[in-house]
Amino acid sequence: MTRAETKERNRRALLDAAFHVVSRDGHRARLDEIAERAGLTTGAVYSLFGSKSGLLGALVTDYLQPHYEEIEQAIPADADLLGAVDAFARYYRRTCDAADAPADQSLQFTLLGMALHDAEVGPRLAASVRAEEGRLIALFTGRRHEGAVVTEGQAHRLTTALRAVFIGLSQGVLLGLALGADEQFFADTARALVSGATLLEDLEPVSVARQPDSRVIL
């Protein structure tokens with residue numbers, strides 16, 4: 001193997017080991033156990049990620065990136081805002097039925113607990129989440145809605161609201177508390193958020209010379 005291939009193999013091994021140990025032990029997860037499970041030393045963690053918080057930040061990105069890539073594929077590029085949030089809502093609901101949904105939910109709770117317990121880990125995890133959320137904000141920015149164009153700021157507020165609502169709903173689905181919360185329910189909820197005046201006030205008017213014909217992907 002080349003040096004680059006070895007580096008990537010070690011990086012992947014540490015991320016997989018961290019996922020297992022962190023999911024089980026939360027903020028008590030030990031670097032030496034993560035490194036041992038990966039067949040490496042703690043020195044490899046510092047060499048590849050800089051610190052424990054760097055490893056956890058990379059773990060969040062590694063966990064989130066496939067989901068956002070799937071979201072980008074699930075939302076039609078030419079859909080207006082209502083069509084985009086409808087597709088996003090239905091995708092989100094389908095993930096609740098995936099075989100790995102309980103493990104994903106467990107990791108979310110665990111990472112939140114670590115962020116609350118560790119002053120260094122919290123900001124790194126938050127930065128990773130914000131970076132990935134930027135991709136979703138970009139998906140909604142520039143969409144047509146009621147004869148106007150959604151600005152980045154409005155897309156940001158909408159993304160914050162959608163994630164907050166769907167995280168809560170998905171937890172309810174997995175715990176059996178959100179009875180009747182099917183795809184249509186998720187879609188109706190998303191559309192209701194779009195219609196909120198607070199989220200979409202002061203939309204940028206669509207001019208004849210500047211019709212939105214594409215989306216921005218970070």
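Which residues is V165 in contact with, leaving aside its neighbours within four places in sequence? The first legend below answers this for the predicted model.

**Figure 1. Surroundings of V165 in helix 8.** Leaving aside neighbours within four places in sequence, V165 is in contact with T189 and L193. V165 and L193 are 28 residues apart along the chain, and their C-alpha atoms are separated by 9.5 Å. The relative accessible area of V165 is 27%, which places V165 in the partly exposed class, since buried means under 20% and exposed over 50%.

**Figure 2. Overall fold of the predicted model.** The protein contains ten helices and three strands. Along the sequence the order of elements is α-α-α-α-α-α-α-β-β-α-α-α-β. The protein has 218 residues, of which 43% count as buried. About 11400 Å² of the protein is exposed, with carbon and sulfur atoms supplying 54% of that area. Considering contacts between residues at least 6 apart in sequence, 72% join residues at least 24 apart.

**Figure 3. The largest nonpolar core.** This core has 55 residues. L55, F88, F140, L162 and F166 are the residues with the most contacts inside it. Helix 4 (residues 52-74) provides the largest share of the core, nine residues. For L162, the contacts beyond four places in sequence are V85, F88, F140, A190 and L193. Two of these partners of L162, F88 and F140, are also listed among the core residues with the most contacts.

**Figure 4. Aromatic pairs around F166.** The protein has five aromatic pairs. One of them joins F88 and F166, with 5.7 Å from centre to centre and 45 degrees between the planes, a tilted arrangement. F88 belongs to helix 5 (residues 81-95) and F166 to helix 8 (residues 152-174), so this pair ties together parts that are 78 residues apart in sequence. Both rings belong to buried residues: the relative accessible area is 1% for F88 and 0% for F166. F166 also pairs with Y92; that pair is tilted too, at 5.3 Å centre to centre and 45 degrees between the planes. Because Y92 lies in helix 5 and F166 in helix 8, the second pair ties together parts 74 residues apart in sequence. Y92 is buried, as is F166. A single aromatic cluster is formed by F88, Y92, F140, F166 and F186.

**Figure 5. Helix 6 and its buried residues.** Helix 6 has 17 residues, and the distance from its first C-alpha to its last is 25 Å, close to the 24 Å expected at 1.5 Å a residue. The buried residues in this helix are A101, D104, Q105, L107, T110, L111 and M114. An α-helix has 3.6 residues a turn, so residues three or four places apart point the same way. The partners of the buried residues of helix 6 are helix 1 (3-25), helix 4, helix 5, helix 7 and helix 8, against which they pack.

**Figure 6. Q105 in helix 6 (residues 101-117).** Q105 has a relative accessibility of 8% and therefore counts as buried, the limit being under 20%. Not counting residues up to four places away in sequence, Q105 touches S170, Q171 and L174.

**Figure 7. R135 and the length of helix 7.** R135 is located in helix 7. With 13% relative accessibility, R135 counts as buried. The side chain of R135 is joined to the side chain of E72 by a polar contact of 3.1 Å. Helix 7 (residues 121-140) has 20 residues, so at 1.5 Å a residue it should span 28 Å; its end C-alpha atoms are 29 Å apart, in agreement with that value. After helix 7 comes G142, which has a positive phi, near 85 degrees.

Definitions and conventions: Residues numbered from 1 in each chain as written. Predicted model: local features only at pLDDT ≥ 70, side-chain atom pairs only at ≥ 80, totals over all residues. Heavy atoms only, no water. Core = buried A, V, L, I, M, F, W, Y, C linked by side-chain atoms within 4.5 Å. Buried < 20%, exposed > 50% of the residue type's maximum accessible area, 1.4 Å probe, protein only. Helix = DSSP H or I, 4+ residues; strand = E, 2+ residues; numbered from the N terminus. Contact = heavy atoms within 4.5 Å. Areas by Shrake-Rupley, 256 points an atom, 1.4 Å probe, with all protein chains shown as cover. Expected span 1.5 Å × (residues − 1). Phe/Tyr/Trp six-rings, centres within 6.5 Å; stacked < 30°, edge-to-face > 60°. Polar contact = N/O pair within 3.5 Å; in protein donor to acceptor, adjacent residues only side chain to side chain.
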